[in-house]
Amino acid sequence: MARLPIKTAMKVEKEFLGKTFDDFLLRPQRGLVSSRRQVDLTSRLSRHYDLSLPIVSANMDSVTGGVMAQALALEGGVGIIHRGMSIEEQAREVGQIKRSHGYIVEKPFCLPRNATIREARLFTRKHHITGILIEEALGSQRLAGLLSNRDMPWFEGHEDRRVEEFMTPVDRLVTGSPGISMAEAERMMFERRIEKLPLVDKDRHIRGLISKKDLILTRQRPYSSKDKKGRLLVGAAVGAHGDYLERAAELIHGGADILVIDIAHGHSDVMKKAVEAFRKRFAETELICGNVGTGEGAAFLKELGADGIKVGIGPGRGCRTRLETASGVPQLQAIREAWCAIEDSVPLIADGGIKDDKDIFMALICGASSVMLGSMLSGTDEAPGHVIVDPASGQKKKLYRGMTSPQAVLEVLYDTEHPEDLEEALATPAEGQEMQVPYKGSVVDVLRRIRGHLASSVSYAGGGTLCEVRAKVVRDPMSYLIVLSEASRRESYER
Ligand code: XMP
């Protein structure tokens, strides 16, 4: 009897079927670079953004809050702030990043001259700032002076006095014009030995603030991820129903560069409706959508107009989808399928299942343009949550959990002020789990290690840049990859 052809739109090479990262090694090529430091790792994040380190931190409440997103952007990646908090809180986290480290703070925080020292102290603590611009009257935006931490009395008894008594008044302040260049600002601040340079127009209206600390950081990290105005890049996640458009509006208003519509099953009518409604209101916003695990899914999101596509159904460490539903696609197959379906027309973000630095390289050369990391970045200082000490072993740990783990679901419901959804949530079986992961210190060290290993991988692949190596392998992977047997896998990875 003639066999029926398998009905599939898949274009993927047969070697990738059922495969994931540990199934392949790269055949080493003749090396060209003399130093790993020369290797350029720039890759695409989405239609309009590149990253100098193609790492994205996962929008999970045990991975990416504002602190993590800031660290990622400073190192050349980008963080996607999770949505398991109120709209105001998430927009505040976004705003804080946009205000930090760009060499010009566009909308600096201000207090009126009649504010008290007590109010000023609370204000600096709340906004994590070291100096406050003082305006003539609340909301006037007319510069009256500058109150730095040094100006504030450090001893008690002055709490009810007004800030105008302690500030440096505007006639003694050095100010710059709104269009000042970075070089000119640096020269002025150095010559006048000042740490903060308020920018004002001819009517003394506040138009920005430059601080020495930010100028130094900008110089120290030329590879950090920035928007057109030199501010750190940041993304934020929204869902696909409920108040997601309202959330999106606030996040965009707060300065988010990229929004991510993140749902478990992105190849769905729910996603279609969500993207269509989103695009009606926010035509210009960079939008990443996911997750999908097939070529058809990637083509579907491309058709909807996504600027970036997240690929991964069930590979995540905190994820139980495959265990509970028998659905999913081995992650390297998913990446390859998605690439074969849409090639580089829309950049792919490989999301989930990355356990080692080598997996990042494999994901990139097989079709992803960047990778999203959850568990690999969890357990670091910058991940939300406290360090716990295991009483038995004395080892330091932090919590990592899937966003549909019972613990995360409950906390998110309370934090987002929708406890009315509680019963439905409790009745929905979990597809995520919580676990303890070893405490890892600063994420900066993790990212620098990844950078070093990726640069070595590029060198073994016989190129000088990630882009060049990827372009070569992605078009013809089976000329560069070796499929491992059980024995060669043991030889490679068991130590
Ligand atoms: P890694 O392996 O880097 O994966 O820790 C991070 C990704 O896992 C996904 N994620 C989940 N998937 N149930 C799931 O099926 C969950 O509860 C869950 N939480 C996170 C998500 O794509 C993340 O980026």
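A polar contact is a pair of N or O atoms within 3.5 Å. The model used here is predicted.

**Exercise 1.** Find which backbone atoms make polar contacts with the ligand, and how much of the ligand the protein covers.

*Solution.*
1. Start with Arg317. A polar backbone atom of Arg317 is 3.0 Å from a ligand oxygen.
2. Go on to Gly374. Here a polar backbone atom and a ligand oxygen are 2.8 Å apart.
3. Take Glu431. Its backbone N or O atom lies 2.9 Å from a nitrogen of the ligand.
4. Check the cover. On its own the ligand has 520 Å² of accessible area, and the protein covers 89% of that.

**Exercise 2.** Describe the shell around the ligand by class and by nearest residues.

*Solution.*
1. Sort by class: 7 residues are nonpolar, 12 polar and 3 charged.
2. Pick the nearest. Of the 22 residues around the ligand, these are Cys319, Thr321, Asp351, Tyr400 and Thr404.

**Exercise 3.** Work out which parts of the chain the salt bridge between Glu13 and Arg336 ties together, and whether each partner is buried or partly exposed.

*Solution.*
1. Get the distance. The closest N and O atoms of Glu13 and Arg336 are 2.7 Å apart.
2. Place the partners. Glu13 sits in the segment before strand S1 and Arg336 in helix H10, so the pair ties together parts 323 residues apart in sequence.
3. Apply the cut-off: buried means under 20% relative accessible area. Arg336, at 1%, is buried. Glu13, at 22%, is partly exposed.

**Exercise 4.** Do the same for Glu343 and Arg475.

*Solution.*
1. The closest N and O atoms of this salt bridge are 3.5 Å apart.
2. Glu343 is in the loop between H10 and strand S16, and Arg475 is in helix H15, so parts 132 residues apart in sequence are tied together.
3. Glu343 is partly exposed at 32%. Arg475 is exposed at 51%.

How values were computed:
Residues are numbered from 1 along each chain as its sequence is written. This is a predicted model: local features need pLDDT of at least 70, side-chain atom pairs count only at pLDDT 80 or more; totals for chains, interfaces and linings use all residues. Side-chain values use heavy atoms; hydrogens and water are left out. A residue is near a molecule or strand if one of its heavy atoms lies within 4 Å of it. A polar contact is a pair of N or O atoms within 3.5 Å; within protein, one must be able to donate a hydrogen and the other to accept it, and residues adjacent in sequence count only if both atoms are side-chain atoms. Accessible areas come from the Shrake-Rupley method with a 1.4 Å probe; for residues, only the protein chains shown count as cover. Ala, Val, Leu, Ile, Met, Phe, Trp, Tyr, Cys and Pro count as nonpolar, Asp, Glu, Lys and Arg as charged, and the others, Gly among them, as polar. A salt bridge is a side-chain nitrogen of Lys or Arg within 4 Å of a carboxyl oxygen of Asp or Glu. Helices (H or I, at least four residues) and strands (E, at least two) are DSSP runs, numbered from the N terminus. Buried means under 20% relative accessible area, exposed over 50%, partly exposed in between (1.4 Å probe, protein chains only).
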